[in-house]
Amino acid sequence: MSIVRGFEALLFWAMALTSGAALALCLVLPPWMEYQATLAQREASRARLAAVERRLEAVQRQNEHLKNDPAYLMRLARQELGGSIQVPGAAAIRINPSEQQLAWDEWAAQQAAPDEVEDVLPELTVFLKQVLDRYPQAYLFVNEQTRPILIGLASLMLLTAIVLLGRGVPHTPPQG
């Protein structure tokens with residue numbers, strides 16, 4: 001009789017742990033993936049904000065130059081209109097737009113590095129990413145079509161394990 005009880009206990013724990021793991025994955029993976037998407041979205045938003053702030057600063061500087069610097073205004077007019085403006089008594093300044101654009105692009109690339117987004121649980125994030133990369137079947141626990149089915153099956157397995165554990169083995173009195 002003790003072998004039967006040992007097998008029942010082993011079966012109960014196998015069913016309970018399997019169903020518990022499936023339920024845990026169904027409950028943990030979707031919020032974690034949403035969290036990762038939120039981190040990526042926040043990083044992209046910060047990068048866009050930094051780019052807009054840099055552009056605003058450049059436009060404000062250009063606006064100040066347009067208001068206060070007639071030489072800048074003349075250079076800009078020559079650049080935009082192709083040198084068709086002649087001002088008596090002013091020295092012509094040659095501007096090579098490609099060099100200016102290269103310098104601007106280099107500066108913008110240095111400034112475009114987004115701030116590092118801190119992750120609250122970096123070890124767990126790395127572990128879950130490795131698991132999802134190595135086992136693409138884990139997306140079954142996230143998919144909206146398969147997740148309810150897996151939750152139902154895992155719940156049913158856990159319920160079955162509890163019912164089978166509670167069911168007593170008929171005990172025959174010893175004869176003798």
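These are numbered notes on a predicted model of a single chain.

1. Confidence. The chain has a mean pLDDT of 78, and 70% of its residues reach 70 or more. Confidence varies by element: helix H5 (residues 147-166) has the highest mean pLDDT, 90, while helix H3 (residues 97-111) has the lowest, 58. Any reading of H3 should be set against that value of 58.

2. Overall make-up. The chain contains five helices and zero strands. Read from the N terminus, the order of elements is α-α-α-α-α. Of the 176 residues, 14% are buried. Among contacts with a separation of 6 or more, 72% join residues 24 or more positions apart.

3. Packing of H1 and H2. Helix H1 spans residues 2-68 and helix H2 spans residues 70-81. Their axes lie 6 Å apart, at an angle of about 110°. Angles of 65 to 115 degrees count as roughly perpendicular, so that is how H1 and H2 stand to each other. On the H1 side the contact is made by Gln62, His65, Leu66 and Asn68; on the H2 side, by Pro70, Tyr72, Leu73 and Leu76. Sorted by class, this contact has five nonpolar residues, three polar ones and no charged ones.

4. The largest nonpolar core. Which residues make up the largest nonpolar core? There are 10 in all: Ala22, Leu23, Cys26, Leu29, Trp32, Leu128, Leu132, Ala138, Phe141 and Ala154. H1 and helix H4 (122-134) each supply at least two residues of this core. H1 gives the most, with five residues.

5. Trp32. This residue belongs to the core just described. Leaving out residues up to four places away in sequence, Trp32 touches Thr125, Leu128, Lys129 and Leu132. Two of these partners, Leu128 and Leu132, are themselves listed in the core.

6. Arg147. Is Arg147 buried, partly exposed or exposed? With a relative accessible area of 25%, Arg147 is partly exposed; the cut-off for buried is under 20%. Arg147 is found in helix H5. Outside its neighbours within four places in sequence, Arg147 is in contact with Cys26, Leu27, Pro30, Leu140, Phe141 and Val142. Cys26 and Phe141 are also members of the largest nonpolar core. Arg147 and Leu27 are 120 residues apart in sequence, yet their C-alpha atoms are 9.3 Å apart in space.

Conventions
Residues are numbered from 1 along each chain as its sequence is written. This is a predicted model: local features need pLDDT of at least 70, side-chain atom pairs count only at pLDDT 80 or more; totals for chains, interfaces and linings use all residues. Side-chain values use heavy atoms; hydrogens and water are left out. Axes are lines fitted to C-alpha atoms, for helices over the stretch in contact, and angles run from 0 to 180 degrees between N-to-C directions. Helices (H or I, at least four residues) and strands (E, at least two) are DSSP runs, numbered from the N terminus. Angles under 35 degrees count as roughly parallel, over 145 as roughly antiparallel, 65 to 115 as roughly perpendicular and the rest as oblique. Contact means heavy atoms within 4.5 Å. Ala, Val, Leu, Ile, Met, Phe, Trp, Tyr, Cys and Pro count as nonpolar, Asp, Glu, Lys and Arg as charged, and the others, Gly among them, as polar. pLDDT is the predictor's confidence in each residue, from 0 to 100. A nonpolar core is a set of buried Ala, Val, Leu, Ile, Met, Phe, Trp, Tyr and Cys residues joined through side-chain atoms within 4.5 Å. Buried means under 20% relative accessible area, exposed over 50%, partly exposed in between (1.4 Å probe, protein chains only).
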